[in-house]
Amino acid sequence: MRRATALDGPRADTATAGPASWLPFHRPSIGAEEIAEVVDTLRSGWVTTGPKTQRFEREFAARLGVPDALAVSSGTAALHLALRVLGVEAGDDVILPAYTFTATAEAVTYLGARPVLADVDPVTCNLRGEDVERARTARTRAVIPVHIAGLPCDMDPILDVARSRRLAVIEDAAHALPARDRGRWVGTLSDATAFSFYATKNITTGEGGMLVVRDRRAAERARMLALHGISRDAWKRYTAAGHWRYEILASGYKYNLPDLAASLGLAQLRKLARFHARRRRLAARYDRGLAQLDAIATPPHAPRDGTHAWHLYMIRLRTAALRIDRDGFIEELRARNVGTSVHFIPLHLHPYYQQEWGYRPGQFPGAEAAWSQVVSLPLYPAMSDDDVDDVLTAVADVVRRHRR
Ligand SMILES: Cc1ncc(COP(=O)(O)O)c(C=O)c1O
């Protein structure tokens, strides 16, 4: 039986079906291994970027089979660094899906470049090659596909357009660890890939991210820029192996990941396969439980040769079959103790993107069709089978009471 916490929503007296107490949308899986790694770091006398961060980078790179990875303070920082080292500058255009979190576009604006929004597939919510081609301008320098929910984009058509138009490709893989497109790991497919270890992600460091850059020199430059543009191995300057003297080679950022956070990441990374297997099983349980409800569409799966990271379980409401809309559906689930979320409100529907960049509602029908119907149900390894069954009971009850 789950105990109520300060984060809990109100227990509705009207709750008739679903969890007995508030089931949060997300809860991280932090165990004895994470605590032991963090305590070890605390006792080591070195808490900022150092040996644990280096080990985290090595183990992450080995997991993907790439030569190097750079641990940074967030997925947003990873996107920003990637855009910078791949040559995006003020006045450039960067294509990205309207259907994403603001961080994808925000990183573009950091460099004075323009986020050029593109529509997406209304079913997968992912960017397609044809969307990139349609959004292309004479100033387009790069494209950022986002693997929504952990379902990998169909990368070949995007890579084909990029190759023929000489565009850099940076994948926003905040949701996509571990994910494969046609048997290839996300992180090995394009010029750069940005991962996030934000609290809700498939593995977490509290806040944090990882950047994989294909070109060796660009990767080295990203490492230098991530720590104030200081010459390599700057972190060593307070150790016996280091030296106090350093050189500033460029105007960089304070984007390094400290050892304290990397400790969490090391323990989480070792559990990634187990976490992923659990996410997959819970998603399959949702699929089976929802199959009978014709008012609900279950999320698309990866093709046979792909791997879905199952970061999110996004159902789609067939609102024509219901007397309530998506927002009403969420309120009904909330009254039954189920925490949910919506991924995402398309960027062109936000005031900033309208006022600053001139976007308008109606511009991206694929994105709008998806967002008005999606609900993300709770999905995390700490959930039990019973938790999933409780959510299914709540969903079935809402559908039954609000059928047309
Ligand atoms: C699609 C997407 N891109 C980028 C980010 C940014 O990651 P972070 O919070 O680590 O900066 C997030 C998430 O939080 C995200 O969902």
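How many cavities of 30 Å³ or more does the structure hold? The count is 3, taken from a model that is predicted.

**Cavities and the largest pocket**

The largest cavity contains about 70 Å³ of space. Its lining is made up of 13 residues, and those closest to the cavity centre are His26, Pro28, Ser29, Lys201 and Asn202. Sorted by class, that lining comprises 5 nonpolar, 5 polar and 3 charged residues.

The largest pocket has a volume of about 560 Å³. A set of 32 residues lines this pocket, with Phe101, His175, Tyr198, Thr200 and Lys201 closest to its centre. Lys201 is thus named for the centre of the largest cavity and also for that of the largest pocket. The pocket lining divides into 15 nonpolar, 13 polar and 4 charged residues. At least two residues of this lining come from each of H3, helix H4 (102–110) and E8.

**Helix H3**

One contributor to the pocket lining, H3, spans residues 75–85. Because 9 of its 11 residues are buried, H3 is largely enclosed by the rest of the structure. The buried positions are Gly75, Ala77, Ala78, Leu79, His80, Leu81, Ala82, Leu83 and Val85. At the N-terminal end, Ser74 acts as the cap of H3, with a side-chain oxygen 3.3 Å from the backbone nitrogen of Thr76. After the helix comes Gly87, which has a positive phi near 90°.

**Aromatic pairs**

The structure holds 10 aromatic pairs. One of them joins Phe60 and Phe195 in an edge-to-face arrangement, 5.1 Å centre to centre with 70° between the planes. Phe60 belongs to helix H2 (residues 51–64) and Phe195 to strand E8 (residues 192–196), so this pair ties together parts that are 135 residues apart in sequence. Phe60 and Phe195 are both buried. A second pair is formed by Tyr253 and Tyr255, which counts as stacked because the ring centres are 5.0 Å apart and the planes lie at 15°. The cut-off for stacking is planes under 30 degrees apart. Tyr253 has 16% relative accessibility and therefore counts as buried; Tyr255, at 16% relative accessibility, counts as buried too.

Phe60 and Phe195 also take part in an aromatic cluster, which they form with Phe56 and Phe197.

**Arginines over tryptophan rings**

Which residue lies over the face of Trp185? Arg180 does. An arginine is likewise placed over the face of Trp371. The table gives both arrangements.

| Arginine | Ring beneath | Distance to ring centre |
|---|---|---|
| Arg180 | Trp185 | 4.5 Å |
| Arg326 | Trp371 | 4.3 Å |

**Asp387 in helix H13**

Is Asp387 buried or exposed? Its relative accessibility is 7%, so Asp387 counts as buried, the cut-off being under 20%. Asp387 is situated in helix H13, which runs over residues 385–401. A polar atom of the Asp387 side chain lies 2.9 Å from the backbone nitrogen of Ser384.

**Elements that recur**

Strand E8 appears twice in this account: it holds Phe195 of the edge-to-face pair, and it supplies at least two residues to the lining of the largest pocket. Helix H3 likewise supplies at least two residues to that lining, and 9 of its 11 residues are buried.

Key. Residues are numbered from 1 along each chain as its sequence is written. This is a predicted model: local features need pLDDT of at least 70, side-chain atom pairs count only at pLDDT 80 or more; totals for chains, interfaces and linings use all residues. Side-chain values use heavy atoms; hydrogens and water are left out. Buried means under 20% relative accessible area, exposed over 50%, partly exposed in between (1.4 Å probe, protein chains only). Helices (H or I, at least four residues) and strands (E, at least two) are DSSP runs, numbered from the N terminus. A polar contact is a pair of N or O atoms within 3.5 Å; within protein, one must be able to donate a hydrogen and the other to accept it, and residues adjacent in sequence count only if both atoms are side-chain atoms. Rings of Phe, Tyr and Trp (its six-membered ring) pair if their centres lie within 6.5 Å; planes under 30 degrees apart count as stacked, over 60 as edge-to-face and the rest as tilted. A charge sits over a ring if NZ of Lys or CZ of Arg is within 6 Å of the ring centre and within 35 degrees of the ring normal. On a 1 Å grid over the protein atoms alone, a cavity is a set of points where a 1.4 Å probe fits but cannot get out, and a pocket is an open set with protein on both sides within 12 Å along at least five of seven lines; lining residues have an atom within 4 Å of a point. Grid points are joined across faces, edges and corners, and a volume is the space filled by probe spheres set on the points. Ala, Val, Leu, Ile, Met, Phe, Trp, Tyr, Cys and Pro count as nonpolar, Asp, Glu, Lys and Arg as charged, and the others, Gly among them, as polar.
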